[in-house]
Structure formats: C-alpha cells, structure tokens
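Let's take a walk through a protein together, one step at a time. Have the picture ready to turn as you read.

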Amino acid sequence: MTEWVDVCSADDIEIEDVVRFDWGDRTFAVYRSPESEFHCTDGLCTHESVHLADGLVIDHVIECPKHGGEFDYRSGEALLPPVCINLSTYPTRVVGRRIQILI
C-alpha cells in the first residue's frame, strides 16, 4: 500500500539543498532543485549506505559525502564512480506549503 506522507515545510529546504527524512525503518533524501522543484530518493548511498543528506548538492546532483560518488537526484541515476547502482526515486508534491512524498 502506498500513501502520501508529510515530510516538512517547503521553506525548510533551501534551493540546491537536501534534508533527511526517516519513516519507519526507511531513510529518504528530499531535494530542492535550482528551479525550486522538489525531488525524493532513497536516503542512503548505494555504494556503502552513507546518508546522502550529509552530501553536497550542486544543480541536480547529490555527491555522497564518503567517496564522492554522484547521482542525478531527479532520476536516481548513478553518475560517477564508485557508485554504480541507481537510487530509487519517489513522487513528491506540495500541498499548501508542505512537501509530501509517495511511499
């Protein structure tokens, strides 16, 4: 069963930034693009399970803080080694000023 889950206020995420969101035993990363659009991926790097929310966001790319691997957070695509497995992505929406993800 999937459901829309409230994450945070849209004002809580700066442009070109990321926040961590934990739901049950799962961790997600929620991003705000340069165009002020919101995106969501798994929160752990597929290389060594490091929290991506501690990484650097530039344009549409999240860089893992441990080994510098990069993902396009819009598609989850692994872009730069050592990462080679894509991230899962999740639909996002803004209701009022609240960000929600479909999980």
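**Strands, partners and rings**

In strand β9, the residue that bridges to C40 is Y90. Keep in mind that what you are looking at is a predicted model. The bridge between C40 and Y90 is a good place to begin, so to speak, with the pairing of strands. β4 and β9 run antiparallel and are joined over 2 bridges.

Now let's widen the view. Which strands make up the open sheet, and in what order? There are 4 of them, arranged as β2-β3-β4-β9, with antiparallel pairing. At the edges you will find β2 (17-23) and β9 (89-90), each of which pairs on one side only.

Try following the sheet from the β2 edge. β2 is joined to strand β3, residues 26-32, by 7 bridges, and the two run antiparallel. To find your way along this pair, look for D22, which stands opposite T27 in β3. From β3 you can step across to β4, since 5 bridges join these antiparallel strands. Here A29 stands opposite T41 in β4. The chain itself also connects the two: β3 and β4 form a hairpin with 5 residues between them. In that turn, S36 has a positive phi of about 70°.

Is strand β4 mostly enclosed or mostly open to the outside? Of the 5 residues in β4 (residues 38-42), 4 are buried, so the strand is largely enclosed by the rest of the structure. A general point helps when you look at any strand like these. In a regular strand, side chains alternate between the two faces of the sheet.

There is further strand pairing to explore. Strand β1 (residues 4-9) runs antiparallel to strand β11 (residues 98-102), and 5 bridges join them. W4 stands opposite L102 in β11. β11 also pairs with strand β10 (residues 92-95), in the antiparallel sense and over 4 bridges. Within this pairing, V94 has I99 of β11 as its bridge partner. β10 and β11 form a hairpin with 2 residues between the strands, and G96 takes a positive phi near 65° there.

Next, look for the flat rings of the aromatic side chains. A pair of aromatic rings is described by the distance of the centres and the angle of the planes. How many aromatic pairs does a search of the whole structure find? The answer is 4. In one of them, the rings of F21 and W23 have centres 6.2 Å apart and planes at 20°, so this pair is stacked. The two residues sit in unlike surroundings: F21 is buried, with a relative accessible area of 11%, whereas W23 is partly exposed at 37%. Another stacked pair is Y31 with Y73, at 4.5 Å centre to centre and 5° between the planes. This pair links distant parts of the chain, with Y31 in strand β3 and Y73 in the loop between β7 (70-72) and β8 (78-80), 42 residues apart. Y31 counts as buried at 0% relative accessibility, and Y73 is buried with a relative accessible area of 0%. Ring pairs also link F21, W23, F28 and Y90 into a cluster. You have met Y90 already, as the bridge partner of C40.

Let's pause at a single residue, H60. Where is H60 placed? You will find H60 in the loop between β5 (56-58) and β6 (61-63). Is H60 buried or exposed? With a relative accessible area of 14%, H60 is buried, because buried means under 20%. Its side chain makes a polar contact of 2.9 Å with the side chain of E35. Another polar contact, of 3.4 Å, joins the side chains of H60 and R74. Beyond its neighbours within four places in sequence, H60 touches several residues, among them S33, F71 and Y73.

Finally, step back to take in the whole protein. It has 0 helices and 11 strands. The radius of gyration is 13 Å, close to the 13 Å that the globule rule gives for 103 residues, so the protein is as compact as a globular protein of that length. Along its principal axes, the C-alpha trace spans about 40 × 30 × 20 Å. Buried residues make up 43% of the 103 residues. Among contacts between residues at least 6 apart in sequence, 42% join residues at least 24 apart.

Note on methods
Residues numbered from 1 in each chain as written. Predicted model: local features only at pLDDT ≥ 70, side-chain atom pairs only at ≥ 80, totals over all residues. Heavy atoms only, no water. Buried < 20%, exposed > 50% of the residue type's maximum accessible area, 1.4 Å probe, protein only. Polar contact = N/O pair within 3.5 Å; in protein donor to acceptor, adjacent residues only side chain to side chain. Contact = heavy atoms within 4.5 Å. Pairing = 2+ DSSP bridges. Phe/Tyr/Trp six-rings, centres within 6.5 Å; stacked < 30°, edge-to-face > 60°. Rg over C-alpha atoms; globule rule 2.2 N^0.38 Å.
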